[in-house]
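This report follows a sheet, the helix packed on it and a set of aromatic contacts. The sequence and the structure come first.

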Amino acid sequence: MSRFWFIRHGPTHRDGLIGWTDAPADLSDLEALDRLNTYLPQDAVVVSSDLIRCVATADALATGRKRLPSDPDLRELHFGDWEDRTFKQVAQTHAELSRAYWSDPGPHAPPNGESWDAAAARVSRGVDRLRDAHPDTDIIVVAHFGAILTQVQRAAGMSAKAALSFKIDNLSVTRLEHMGTAWRVLGVNHTV
């Protein structure tokens, strides 16, 4: 059984869609990081997306834990031409597509970006590699809102639209377990 502890990176204080935009995390709340560090299993391995907000958050949690190389498959949804633009700006230029992207997530993709389905396949590929390389292990994965929700969708067998109804706060914990061929959701968006 592999036990996954998905952590959303520290806050970026950005208003736009910053999927693959490499924005830094604010890790100044040392008390929150200390509580999180204490809550997480000490013998876990730590891995993150290769974007700096996740790398820095993972590094802050890696003390005393084995730090694995960052993995680009764990990145956020790629918003393409919508990167670093607000929801309002995107709605002004791509009203129908942006509405479909959020209300019927799955096959719709932003111009020069990726669909929810493509992102879910990419993140699942990275998670499967971790599961196969570290069986019977606690694995801390520092990732992004959308990346985490693709795995909640997968583990719960729900639609992408249902998965998007969940909130994933910065520095929250989402716990999933993989047992043989089955997934189990132990908690979503737990803050310590």
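Is tyrosine 101 buried or exposed? In this predicted model, tyrosine 101 has a relative accessible area of 2% and is therefore buried, the cut-off for that class being under 20%. Its aromatic partner, tryptophan 102, has a relative accessible area of 27% and is partly exposed. The two rings form an edge-to-face pair, with 4.8 Å from centre to centre and 90° between the planes. Both residues belong to one aromatic cluster, which also includes Phe79, Trp82 and Phe87.

**The sheet**

The sheet is open and has 6 strands in the order S3-S2-S4-S1-S5-S6, with mixed pairing. Its edges are formed by strand S3 (66-67) and strand S6 (182-190), each of which pairs on one side only. Helix H5 (residues 116-133) packs on this sheet and touches strand S1 (2-8), S2, S4, strand S5 (173-179) and S6, while its direction makes about 140° with that of S1. The 18 residues of H5 should span 26 Å at 1.5 Å a residue, and this agrees with the 26 Å that separates its end C-alpha atoms. Buried residues of H5 include Trp116, Ala119, Ala120, Val123, Val127 and Leu130, and the two arginines Arg122 and Arg131 are buried as well.

Within the sheet, strand S2 (residues 45-48) and strand S4 (residues 138-143) pair in the parallel sense over 4 bridges, and valine 45 has isoleucine 139 of S4 as its bridge partner. By contrast, S1 and S5 run antiparallel and are joined by 6 bridges, with phenylalanine 6 bridged to threonine 174 of S5. S5 and S6 also run antiparallel and are likewise joined by 6 bridges, and here glutamate 177 stands opposite arginine 184 in S6. These two strands, S5 and S6, form a hairpin with 2 residues between them, and glycine 180 in the turn has a positive phi of about 70°. Since 5 of the 7 residues of S5 are buried, this strand is largely enclosed by the rest of the structure.

**Aromatic rings and charges**

A pair of aromatic rings is described by the distance of the centres and the angle of the planes. The count of such pairs in the model comes to 8, and two of them are set out below.

| Pair | Centre to centre | Angle between planes | Geometry |
|---|---|---|---|
| tryptophan 5 and tyrosine 39 | 5.9 Å | 75° | edge-to-face |
| tyrosine 101 and tryptophan 102 | 4.8 Å | 90° | edge-to-face |

Tryptophan 5 lies in strand S1 and tyrosine 39 in helix H1 (residues 30-39), so their pair ties together parts that are 34 residues apart in sequence. Tryptophan 5 counts as buried, because its relative accessibility is 8%, whereas tyrosine 39 is partly exposed, with a relative accessible area of 33%.

The ring of tryptophan 5 has a further neighbour, as the charged end of arginine 175 sits over this ring, 4.0 Å from its centre. Where does the charged end of arginine 75 sit? The charged end of arginine 75 sits over the ring of tryptophan 20, at 4.7 Å from the ring centre.

Key:
Residues are numbered from 1 along each chain as its sequence is written. This is a predicted model: local features need pLDDT of at least 70, side-chain atom pairs count only at pLDDT 80 or more; totals for chains, interfaces and linings use all residues. Side-chain values use heavy atoms; hydrogens and water are left out. Two strands pair if DSSP finds at least two bridges between them. Contact means heavy atoms within 4.5 Å. Axes are lines fitted to C-alpha atoms, for helices over the stretch in contact, and angles run from 0 to 180 degrees between N-to-C directions. Rings of Phe, Tyr and Trp (its six-membered ring) pair if their centres lie within 6.5 Å; planes under 30 degrees apart count as stacked, over 60 as edge-to-face and the rest as tilted. Buried means under 20% relative accessible area, exposed over 50%, partly exposed in between (1.4 Å probe, protein chains only). A charge sits over a ring if NZ of Lys or CZ of Arg is within 6 Å of the ring centre and within 35 degrees of the ring normal. The expected span of a helix is 1.5 Å times one less than its number of residues.
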